[in-house]
Amino acid sequence: QVQLVESGGGLVQAGGSLRLSCAATGRTFSSYTMGWFRQAPGKEREFVTRISWSGISTYYADSVKGRFTISRDNTKNTVFLQITNLNPEDTAVYYCAAQGQNSREYDYWGQGTQVTVSS
């Protein structure tokens, strides 16, 4: 069982930056692929990025490449999402999720953290 708690969201002006964190409980955090998703008002939840258990492999949605950076610290059971050059289209609730090694889907989800970008 893994519990995920996101933090770091808030209200920022366009062009600003944020660093989101996702703290996980559970001894096997380092074995999970971790992902970030977001859901904007009135839209479906969308994939943003993911990072392999080792941190070596990452993958980004085209819409965020070059502005978003995912990283993880397995010693602290935490995954991060650094966001730069924010724009109003980034306004959404951001969720982190954990995918087990033998899973096709993400098994655990956090409650989300709100990011609001003002123009």
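**Disulfide.** I looked up the cysteines and found that Cys22 and Cys96 form a disulfide, with 1.9 Å between their sulfur atoms. The model is a predicted one, and it holds 1 disulfide. I read the torsion about the S-S bond of Cys22 and Cys96 as about 50 degrees, so I entered the disulfide as right-handed. Cys22 belongs to strand E3 (residues 18-25) and Cys96 to strand E9 (residues 92-99), so the bond ties together parts 74 residues apart in sequence.

Are the two cysteines buried or exposed? Cys22 has 0% relative accessibility and counts as buried. Cys96 also comes out at 0% and counts as buried. The cut-off I applied for buried is under 20% relative accessible area.

**Aromatic pairs.** I next went through the rings and noted 6 aromatic pairs in the structure. One of them is Phe37 with Trp109, a tilted pair at 4.8 Å centre to centre with 55 degrees between the planes. This pair links distant parts of the chain, as Phe37 is in strand E4 (residues 33-39) and Trp109 in strand E10 (residues 108-109), 72 residues apart. Phe37 is buried at a relative accessible area of 10%, whereas Trp109 is partly exposed at 31%.

Which residues do ring pairs link into a cluster? I listed Phe37, Phe47, Tyr59, Tyr106 and Trp109.

**Charges over rings.** Trp109 came up again here: the charged end of Arg45 sits over the Trp109 ring, 3.7 Å from its centre. I also noted Arg19, whose charged end sits over the ring of Phe80 at 3.9 Å from the centre.

**Nonpolar core.** I then turned to the largest nonpolar core, which has 30 residues. The members that touch the most other members are Leu4, Met34, Trp36, Phe68, Leu81 and Tyr94. Which strands each supply at least two residues of this core? I wrote down E3, E4, E5 (46-51), E7 (68-73), E8 (78-83), E9 and E11 (113-118). E3 and E9 are also the strands that hold Cys22 and Cys96, so the disulfide entry and this one share these two strands.

**Met34.** I picked Met34 from the core list and looked up its contacts, leaving aside neighbours within four places in sequence. The contacts include Leu4, Phe29, Ile51, Ile70, Val79, Ala97 and Ala98. Thr49, Arg50 and Arg72 are in contact with Met34 as well. Cys22 of the disulfide and Tyr106 of the ring cluster are also in contact with Met34.

Methods: Residues numbered from 1 in each chain as written. Predicted model: local features only at pLDDT ≥ 70, side-chain atom pairs only at ≥ 80, totals over all residues. Heavy atoms only, no water. Disulfide = S-S within 2.5 Å. Helix = DSSP H or I, 4+ residues; strand = E, 2+ residues; numbered from the N terminus. Buried < 20%, exposed > 50% of the residue type's maximum accessible area, 1.4 Å probe, protein only. Phe/Tyr/Trp six-rings, centres within 6.5 Å; stacked < 30°, edge-to-face > 60°. Lys NZ or Arg CZ within 6 Å of the ring centre and 35° of its normal. Core = buried A, V, L, I, M, F, W, Y, C linked by side-chain atoms within 4.5 Å. Contact = heavy atoms within 4.5 Å.
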